[in-house]
Amino acid sequence: MQIVRRVLLAWLVALAAGSPLARAQSYPTKPIRMIVAFAAGGSADINARIIAQQLAAELGGSVVIENRGGAGGNLGAVEVARAQPDGYTVFYATSAVALAPAVYVKPGFRPDADFAPVSLTATIPLVLVVNSAVPAKTASEFVDWVKAQGGKVNYGSSGRGALLHLAGELFLKETGLSATHVPYRGSAPAITDLLSGSTQFMFLPINEARTHVEGGGMRALAVTHEQRLPQLPHVPTMKEAFGLTTMNMGAWQGLLVPAGTPAAITTILGGALEKTLRNEALRARLTEGGSIVLGGTAKEYADYMRSEGERWAKIVQAAGIAAE
């Protein structure tokens with residue numbers, strides 16, 4: 001009988017150790033993969049690496065960045081959506097995840113069903129920039145100049161259906177201007193052609209535009225934020241420059257996990273991320289790069305992602321945008 005009791009006790013201990021609660025209490029016990037759906041060196045990658053380092057310290061483990069670029073961010077999203085929901089694969093998502101269902105016929109995932117939100121992390125306002133050879137120095141001069149070109153103005157973006165493209169389409173719709181969209185495979189080649197004069201304007205995240213603006217290769221006309229930005233204090237908002245109240249936007253980012261991840265693990269991640277985003281040194285690094293630190297609850301993130309999807313679906317439909 002004593003042997004039976006020992007065997008039963010050992011079995012119960014093993015069973016308890018394998019329970020979701022027990023696994024969550026010891027989480028993490030191995031490195032966490034943080035998938036970034038874009039190439040190294042971009043806005044999302046830079047912020048992800050800053051956040052991952054502090055997040056690892058808060059969790060008492062390690063967080064390893066893995067770049068899975070391609071298909072406008074869809075490849076990385078699909079990888080996370082199909083990953084084991086055990087807390088060891090997380091997604092440093094961007095606004096692309098909410099735009100995909102409107103832009104792509106088959107993106108390979110559903111934002112509201114295949115992921116569980118943890119928290120928003122940051123947003124990066126956009127800047128309307130023009131090639132330095134464009135004579136316009138102000139918003140009104142730019143509007144007059146574009147109209148005078150008779151539809152021969154080109155604007156670039158990081159890809160068809162990307163946020164930078166949709167920002168351009170919304171701008172043209174709201175101002176009644178006409179220009180031809182030129183899509184690129186990423187913002188780097190789009191910036192190269194803007195600097196060379198092949199295109200005349202585009203919207204860029206502030207952390208990608210700032211160096212070129214300060215160096216004189218581009219001129220900044222307005223920022224897509226409700227307030228002026230400390231990094232470019234002399235550049236007006238879209239409301240100040242063009243009278244537009246519909247163009248408050250940014251390239252937002254946040255942390256998602258695969259749907260089905262135990263709530264206990266998501267709670268641990270959320271708590272660690274909240275502490276991470278309160279870290280003053282981290283906030284200073286993100287702010288210096290042009291980001292606005294966000295944070296918030298999982299529900300707030302889910303609601304925001306849903307509202308962004310609905311907002312941009314209307315722009316996509318009105319502009320007749322579709323990607324392969």
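## Exercises on helix α9, rings and charges

On the other side of helix α9 from its buried residues, Ala-188 and Ser-196 are exposed. Here buried means under 20% relative accessible area, exposed over 50%, and partly exposed in between (1.4 Å probe, protein chains only). Helices (H or I, at least four residues) and strands (E, at least two) are DSSP runs, numbered from the N terminus.

Before you start, note that this is a predicted model: local features need pLDDT of at least 70 and side-chain atom pairs pLDDT 80 or more, while totals for chains, interfaces and linings use all residues. Residues are numbered from 1 along each chain as its sequence is written, and side-chain values use heavy atoms, leaving out hydrogens and water.

**Exercise 1.** Find which residues of α9 are buried, and work out how they are arranged around the axis.

*Solution.*
- Step 1. Helix α9 spans residues 187–196, and its buried residues are Ser-187, Ala-190, Ile-191 and Leu-194.
- Step 2. Looking down the axis of α9, these buried residues fall within an arc of 100° (taken from the directions from the helix axis to the C-beta atoms), so they line one face of the helix.
- Step 3. A general rule helps here: an α-helix has 3.6 residues a turn, so residues three or four places apart point the same way.
- Step 4. Now look for the partners: the buried residues of α9 pack against β4 (115–131), β5 (154–157), α8, β7, α10 (206–215) and β8 (218–223), where contact means heavy atoms within 4.5 Å.
- Step 5. Follow the chain onward: just after α9, Gly-197 takes a positive phi of about 100°.

**Exercise 2.** Count the aromatic pairs, then describe how Phe-171 and Phe-203 meet.

*Solution.*
- Step 1. Rings of Phe, Tyr and Trp (its six-membered ring) pair if their centres lie within 6.5 Å; planes under 30 degrees apart count as stacked, over 60 as edge-to-face and the rest as tilted.
- Step 2. Applying this rule gives twelve aromatic pairs.
- Step 3. For Phe-171 and Phe-203, the ring centres are 5.7 Å apart and the planes stand at 70°, so the pair is edge-to-face.
- Step 4. Phe-171 belongs to helix α8 (residues 163–175) and Phe-203 to strand β7 (residues 201–205), so the pair ties together parts that are 32 residues apart in sequence.
- Step 5. Check the surroundings: Phe-171 is buried at 0% relative accessibility, and Phe-203 is buried at 0% as well.
- Step 6. Zoom out, and Phe-142, Trp-145, Tyr-155, Phe-171, Phe-201, Phe-203 and Phe-242 form one aromatic cluster.

**Exercise 3.** Say how many salt bridges the structure holds, then trace the one between Glu-66 and Arg-33.

*Solution.*
- Step 1. A salt bridge is a side-chain nitrogen of Lys or Arg within 4 Å of a carboxyl oxygen of Asp or Glu.
- Step 2. The structure holds 14 of them.
- Step 3. Between Glu-66 and Arg-33, the closest N and O atoms are 3.1 Å apart.
- Step 4. Glu-66 lies in strand β2 (residues 63–67) and Arg-33 in strand β1 (residues 32–36), so their pair ties together parts that are 33 residues apart in sequence.
- Step 5. Glu-66 counts as buried at 19% relative accessibility, whereas Arg-33, at 24%, counts as partly exposed.
- Step 6. Follow the charges further: Arg-33, Glu-66, Arg-68 and Glu-79 are linked in a network of salt bridges.

**Exercise 4.** Locate the salt bridge between Arg-210 and Glu-288.

*Solution.*
- Step 1. The closest N and O atoms of Arg-210 and Glu-288 are 3.6 Å apart.
- Step 2. This pair links distant parts of the chain, with Arg-210 in helix α10 and Glu-288 in helix α13 (residues 280–288), 78 residues apart.
- Step 3. Glu-288 is exposed, with a relative accessible area of 51%.
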